[in-house]
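User: I'd like to learn how to read a protein model, one feature at a time. Could you walk me through this one?

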Amino acid sequence: MNGANLDDLVDLLGRWASGRGPLYLLLAARLRALVDDGVLAPGETLPPDRALAARLAVGRGTVVAAYDLLQQEGRVVRRQGSGTRVAPMDLSAARSLDGVPANPLLMHILHPPDGVALLTCAAPDEPPPELAEAYAEAAAALSGVRDLGYQPAGNATLRQAVADYYTGRGLPTTPHEIVVTNGAQQALTLLAGLLLTPGDTVLTGSPTYPGALEVFRHAAAVVRPARLDPALDPALDPARPDPGAASVPDVAAAMRDRPALVYAVPTASNPTGSVMPAGARRRLAELAARHDVPLIDDEVCAELCFTGETPPPLAAYSPGSPGSRGEQVITIASLSKVVWGGLRIGWIRAPAALASRLSRLRAVHDLGGEVMGQLAAAALLRRLDGIRRARVTELRARHDHLRAELRALLPSWSFEPAAGGQTIWVRLPRGDADSFAQVALRHGVAVPPGRSFDPLGGHPRHLRLHFLFPEEELSRAVRALAAAWDAYDGTARPAARQPLVV
C-alpha cells in the first residue's frame, strides 16, 4: 500500500468503529492488526492526524490517542516534522514465509533466525522421560473407551486431577471449578473474551509477562501498570531509577479507579524470577475482594521455586474462613514450563458459575482439546513431585552458572538473583536495551528488551535473560553478549516492534 494514499488505508480499516468502547481504542486495535499482519509494512508512512481524522469523521484527538498508544507498544514511530511511520522489526534477520511478511510477534517461533542463540523464548526444549511414560499410560486408558471426545470443559480425569492438586495445596477445589485449555495463553484469551469489553482497564505488574499484555491489548483494553507488591520498587533499582520508566502507582490506589481486571504473576515471576511474600499476597487478594475486581493469578512457573516449596496460590488468601474457595481470584497454570511447551495443556481454576461460562465459550472456539494429551497430563500430575525436583535442581544450577558468567564477563550489568522460574531481569548501565538487542543479534544472540514487559513501554535499560541452556551454551551466549557490549556505543535508540517472548 502507498503510505500517502489515504483512501487505501480507510478501505483497509473497514468497519473499525463498529465495536464497543472508545473510538481511539477501536482504531488502535484495527491499525495494530494491520501492522502485525504485515499489511502496513515497516517504514510505511501513516496519514497525518488531521487528515485521517477528517476522513474518518472523528476528532483529531481520537487519531492522536490511537497513534500514541501504538507508539507506546513500539508499533509506530512518531517524530515531529517526519510524521508517523510503522516501526521497523527488531530482527535484521527477519524473513518472510511464502512471500508473506511474517508477523513480527511470532517471528522467533515461526521462523527462528539461523545460527542465533534464542534467549527470547523461555521454555524447556527437552521433554522429560516421564512424558513418554505418561502417554503410554494414556493410551492404555483409552483402550475400550466409547466417547465422542468433545469435552469443552476438559477431560473428567484431568479436571479431577487438577482439582486434587489444588486441594492438596490447601485450596479446596472441585472438578466443576476447572476448565482445561490449550495452554495458559488460551486461558488468558478466554478470560479476556469473557471479562473484558473495549475500553476496560486492566492492571498488571511492571514488568510482567508480555503474552498477557498482547491478549489484553487485542481485547481493546487499556492496560495500566500498578505496584502489586508494596515492598518492590518498580525499577528494581531505587538508587538508579531506569530513565524513561513511568511512575507506577500502588495497586490500592489504582483499584479506586474501578479496573475490570487485575493480572499478577506472583510466583517465580516472568521476567524477574521473584516470589511475592505472603503478606503482599494476602493484601492483593483482599483488595480484589473489597473492590469486587477479578484477579488473575498466573501460576505457570509456580512449581519452579528454588526453595523447593510452592507457595499457596492467591486464592488461598481470599477473605473468609479457613478453607475459603477464593471466589474473587482466578488461577491459571499449565505444564509448559515444568514439563514441556509442546504439551499444550493448561487450565483455569475459577468459581463454578464462571467456569461454566468459560466452557461454553471454549465450545464455540474449538469444542475442547484432544483427549490423549489430557490423559497424559493427568498421569504427569501424579508424577509432579519427581519432575519438579529434577527440573528445579537443573534450573538452580544453570541459574548460578549464568550469574557467575555475567559477573565475570559483564560486571557492569546489574541484576537480582531469581528466587525461581527460568529468567533473570538485567539492567544495563547505559544506552537502551532495544538498540543493544540489535548489536547482540549481529553477534549471534537474540535477547528481549525490557519494554516488551511493560504496559507503557518502560524499562528501556532492562533485558530478560533465561538460563535454560546447558552450562556450556550459556557460557557461549554470555561471551557473545560481552563481545556485543564491547561493540555497543550506547547512542542509537531505534524504535522497534517486540518479538513474542514467552
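User: Which helices and strands do the buried residues of helix 9 pack against?

Analyst: Keep in mind that this is a predicted model. The buried residues of helix 9 pack against helix 2 (23-36), helix 8, strand 8 (201-204), strand 9 (222-225) and strand 10 (261-264).

User: Which residues of helix 9 are buried?

Analyst: Pro-210, Gly-211, Ala-212, Leu-213, Glu-214, Val-215, Phe-216 and Arg-217 are buried. That makes eight of the nine residues of helix 9, so this helix is largely enclosed by the rest of the structure. Just after helix 9 you'll meet Ala-220, whose phi is positive, near 60°.

User: Let's take one of those neighbours, helix 8. How do I read a pair of helices?

Analyst: Two packed helices are described by the angle between their axes and the distance between the axes. Here, the axes of helix 8 (residues 183-195) and helix 9 (residues 210-218) come within 9 Å and cross at roughly 30°. Angles under 35 degrees count as roughly parallel, and helix 8 and helix 9 are therefore roughly parallel to each other. The crossing of helix 8 past helix 9 is right-handed.

User: Which residues of helix 8 and helix 9 meet?

Analyst: First, the general idea: an α-helix has 3.6 residues a turn, so residues three or four places apart point the same way. In this pair, helix 8 brings Gln-185, Leu-188, Thr-189 and Ala-192, which meet Gly-211, Ala-212, Val-215 and Phe-216 of helix 9. Sorted by character, the residues of this contact are five nonpolar, three polar and no charged.

User: Now a single residue. Is Glu-137 buried or partly exposed?

Analyst: Glu-137 sits in helix 6 (residues 129-142) and is partly exposed, with a relative accessible area of 30%.

User: And what does Glu-137 contact, leaving aside its neighbours within four places in sequence?

Analyst: Ala-379, Arg-382 and Arg-383. You can also look at Ala-376: its C-alpha atom is separated from that of Glu-137 by 7.0 Å, although the two residues are 239 residues apart along the chain.

User: How does the protein chain look overall?

Analyst: Count the elements and you get 16 helices and 17 strands. Of the 502 residues, 56% count as buried. Take the contacts with a separation of 6 or more: residues 24 or more positions apart account for 74% of them. As for the surface, the chain exposes about 20,000 Å², and carbon and sulfur atoms supply 53% of that.

Key
Residues are numbered from 1 along each chain as its sequence is written. This is a predicted model: local features need pLDDT of at least 70, side-chain atom pairs count only at pLDDT 80 or more; totals for chains, interfaces and linings use all residues. Side-chain values use heavy atoms; hydrogens and water are left out. Axes are lines fitted to C-alpha atoms, for helices over the stretch in contact, and angles run from 0 to 180 degrees between N-to-C directions. Helices (H or I, at least four residues) and strands (E, at least two) are DSSP runs, numbered from the N terminus. Angles under 35 degrees count as roughly parallel, over 145 as roughly antiparallel, 65 to 115 as roughly perpendicular and the rest as oblique. A crossing is left-handed if the near helix is turned anticlockwise from the far one by less than a right angle, and right-handed if clockwise. Contact means heavy atoms within 4.5 Å. Ala, Val, Leu, Ile, Met, Phe, Trp, Tyr, Cys and Pro count as nonpolar, Asp, Glu, Lys and Arg as charged, and the others, Gly among them, as polar. Buried means under 20% relative accessible area, exposed over 50%, partly exposed in between (1.4 Å probe, protein chains only). Accessible areas come from the Shrake-Rupley method with a 1.4 Å probe; for residues, only the protein chains shown count as cover.
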